[in-house]
Amino acid sequence: MGAGQGRSRLDVTYRVSLAPSAARQLRKFDPQVRRRIQAALELLALEPRPPAATRLVGGSGEWRVRTGDYRIVYEIHDDELLVLVLRIAHRRDIYKSR
């Protein structure tokens, strides 16, 4: 890899943890959607701030990543190397419970 390529952190892997409500939401999805979301969660462990992620305005340091028609809202705790997934929902429903 040349200069500026590869991961920004030296092979640091974050632990991905789901809040109880996010785990419940994930179990409700059909298997195909669940696999797609689980793949996105695995990528967040490697890079919690991918280029496609957006920091939410008005939240308490929450981030959002899109996975098809679904959104994953999460917090990053750099001091603990933790990505805490708060909500997983369809794009039309993700911001209603805020």
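A residue counts as partly exposed when its relative accessible area falls between the buried limit of under 20% and the exposed limit of over 50%. With that in hand, let us walk through this predicted model, starting at a residue that fits the middle class: D78 has a relative accessible area of 36%, so it is partly exposed.

D78 is a good entry point, as its side chain meets that of R49 in a salt bridge, with 2.6 Å from N to O. The two partners come from distant parts of the chain, 29 residues apart: R49 sits in the loop between α2 and β2 (54-55), while D78 belongs to the loop between β4 and β5. R49 is partly exposed too, because its relative accessibility is 28%.

Side chains of opposite charge can pair when their charged atoms come close. In this model there are four salt bridges in total, and two others deserve a stop on our tour. One of them joins the side chains of E62 and R87 at 3.7 Å, N to O. Since E62 is in strand β3 (residues 62-67) and R87 in strand β5, this pair ties together parts that lie 25 residues apart in sequence. Here both E62 and R87 are buried.

Next comes the bridge between the side chains of R91 and D69, at 3.6 Å from N to O. R91 is found in the segment after β5 and D69 in the loop between β3 and β4, so the pair connects parts 22 residues apart in sequence. Both ends fall in the middle class of accessibility: R91 is partly exposed at 48%, and D69 is partly exposed at 40%.

Let us now turn from charges to rings. The count of aromatic pairs comes to one. Its members are F29 and Y70, whose ring centres are 5.0 Å apart and whose planes stand at 70 degrees; the pair is edge-to-face because that angle is over 60. This pair also links distant parts of the chain, with F29 in the loop between α1 (20-28) and α2 (31-46), Y70 in strand β4 (residues 70-77), and their positions 41 residues apart. Both F29 and Y70 are buried.

Our last stop is L82, in strand β5 (residues 82-90). Its relative accessible area is 9%, so L82 is buried. Which residues is L82 in contact with, leaving aside its neighbours within four places in sequence? They are Y14, R15, S17, E75, I76 and H77. L82 and A45, in turn, are 37 residues apart in sequence, and their C-alpha atoms are 8.2 Å apart in space.

How values were computed:
Residues numbered from 1 in each chain as written. Predicted model: local features only at pLDDT ≥ 70, side-chain atom pairs only at ≥ 80, totals over all residues. Heavy atoms only, no water. Helix = DSSP H or I, 4+ residues; strand = E, 2+ residues; numbered from the N terminus. Buried < 20%, exposed > 50% of the residue type's maximum accessible area, 1.4 Å probe, protein only. Contact = heavy atoms within 4.5 Å. Phe/Tyr/Trp six-rings, centres within 6.5 Å; stacked < 30°, edge-to-face > 60°.
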